[in-house]
Amino acid sequence: LFHVKFCYARHGAGFQPLPSGGAFVKIYAPHATQVSVAAAWSAWIPMHNLLNTGNGWWELDISSEPTRDYLFQVGSAYKIFIVSENGESYWRPDPWSRKQDGTPLGNSL
């Protein structure tokens, strides 16, 4: 089983809807070759690829779009999709989410 190493919570990490619309995503996954966000607004297809910013951090600004912003409301389910160095893929909750849907590897809300 591939374990993504997450560091202690830091201000600005995780998935954060922005007041102006859209969202900022920052995830720590040092052994990943790809990190993406997927949710209802993308039909659960991992299409928002984060950029590797170094030292294990991955970030992305998701642009504002009226339909997607509606789905960004507090309580919307999403997950992080990770591809490891050995090519295996994993769905993981956001370690900084305020809530999960009840299971350890369930959706972040």
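Student: Which residue in β4 is the bridge partner of S36?

Tutor: The bridge partner of S36 in β4 is N49. This is a predicted model, and the pairing is read from its coordinates.

Student: What makes β3 and β4 a pair of strands?

Tutor: Two strands pair if there are at least two bridges between them. Two bridges join β3 to β4, and the strands run antiparallel, so the definition is met.

Student: How do you know that β3 pairs with β7?

Tutor: The same cut-off of at least two bridges applies. β3 and β7 are joined over seven bridges in the antiparallel sense, so they count as paired. One of the facing positions is A32, whose bridge partner in β7 is S84.

Student: How many bridges join β7 to β8?

Tutor: Four bridges join strand β7, residues 78-84, to β8, and the two run antiparallel. I82 stands opposite Y90 in β8. Taken together, the open sheet has four strands in the order β4-β3-β7-β8, with antiparallel pairing.

Student: Why are β4 and β8 called edge strands?

Tutor: β4 (48-49) and β8 (89-92) each pair on one side only.

Student: Why is β3 described as largely enclosed by the rest of the structure?

Tutor: Six of the eight residues of β3 are buried, so the strand is largely enclosed. Across the protein chain, 44% of the 109 residues count as buried.

Student: Which pattern does the protein chain follow along the sequence?

Tutor: The pattern is β-β-β-β-β-β-α-β-β. The protein chain has one helix and eight strands.

Student: Why is the contact between E59 and K26 called a salt bridge?

Tutor: The definition asks for a side-chain nitrogen of Lys or Arg within 4 Å of a carboxyl oxygen of Asp or Glu. The closest N and O atoms of E59 and K26 are 3.6 Å apart, so the pair qualifies. E59 is in strand β6 (residues 57-62) and K26 in strand β2 (residues 23-28), 33 residues apart, and the pair links distant parts of the chain. The structure holds one salt bridge.

Student: Why is E59 called partly exposed?

Tutor: Buried means under 20% relative accessible area and exposed means over 50%. E59 has 23%, so it falls in between.

Student: What makes K26 a charge over the ring of W57?

Tutor: The distance part of the definition requires NZ of Lys to be within 6 Å of the ring centre. K26 lies over the face of W57 at 4.8 Å from the ring centre, so the distance part is met.

Student: Why is the pair of Y28 and W57 called tilted?

Tutor: The structure holds three aromatic pairs. In one of them, Y28 and W57 are 5.1 Å centre to centre, with 55° between the planes. Centres within 6.5 Å make a pair, planes under 30 degrees apart count as stacked and over 60 as edge-to-face, so 55° leaves the pair tilted. Y28 is in strand β2 and W57 in strand β6, 29 residues apart. Y28, W57 and W96 form one aromatic cluster.

Student: Is W57 buried or exposed?

Tutor: W57 has 8% relative accessibility and counts as buried, because the limit for buried is under 20%.

Student: What makes W44 and N55 stand out in their backbone angles?

Tutor: Phi of W44 is near 60°, a positive value in a residue other than glycine. Phi of N55 is near 55°, also positive in a residue other than glycine. W44 is in the loop between β3 (32-39) and β4, while N55 lies in the loop between β5 (51-54) and β6.

Student: Why is N55 called exposed and W44 partly exposed?

Tutor: N55 has a relative accessible area of 74%, which is over 50%, so it counts as exposed. W44 has 33% relative accessibility, which lies between the two limits, so it counts as partly exposed.

Student: Which element has the lowest mean pLDDT?

Tutor: Helix α1 (residues 66-71) has the lowest mean pLDDT, 60, and β5 the highest, 95. Over residues 1-10 the pLDDT is below 50. Where pLDDT is low, the predicted coordinates should not be read in detail. The protein chain averages a pLDDT of 79.

Definitions and conventions: Residues are numbered from 1 along each chain as its sequence is written. This is a predicted model: local features need pLDDT of at least 70, side-chain atom pairs count only at pLDDT 80 or more; totals for chains, interfaces and linings use all residues. Side-chain values use heavy atoms; hydrogens and water are left out. Buried means under 20% relative accessible area, exposed over 50%, partly exposed in between (1.4 Å probe, protein chains only). Rings of Phe, Tyr and Trp (its six-membered ring) pair if their centres lie within 6.5 Å; planes under 30 degrees apart count as stacked, over 60 as edge-to-face and the rest as tilted. A charge sits over a ring if NZ of Lys or CZ of Arg is within 6 Å of the ring centre and within 35 degrees of the ring normal. pLDDT is the predictor's confidence in each residue, from 0 to 100. Contact means heavy atoms within 4.5 Å.
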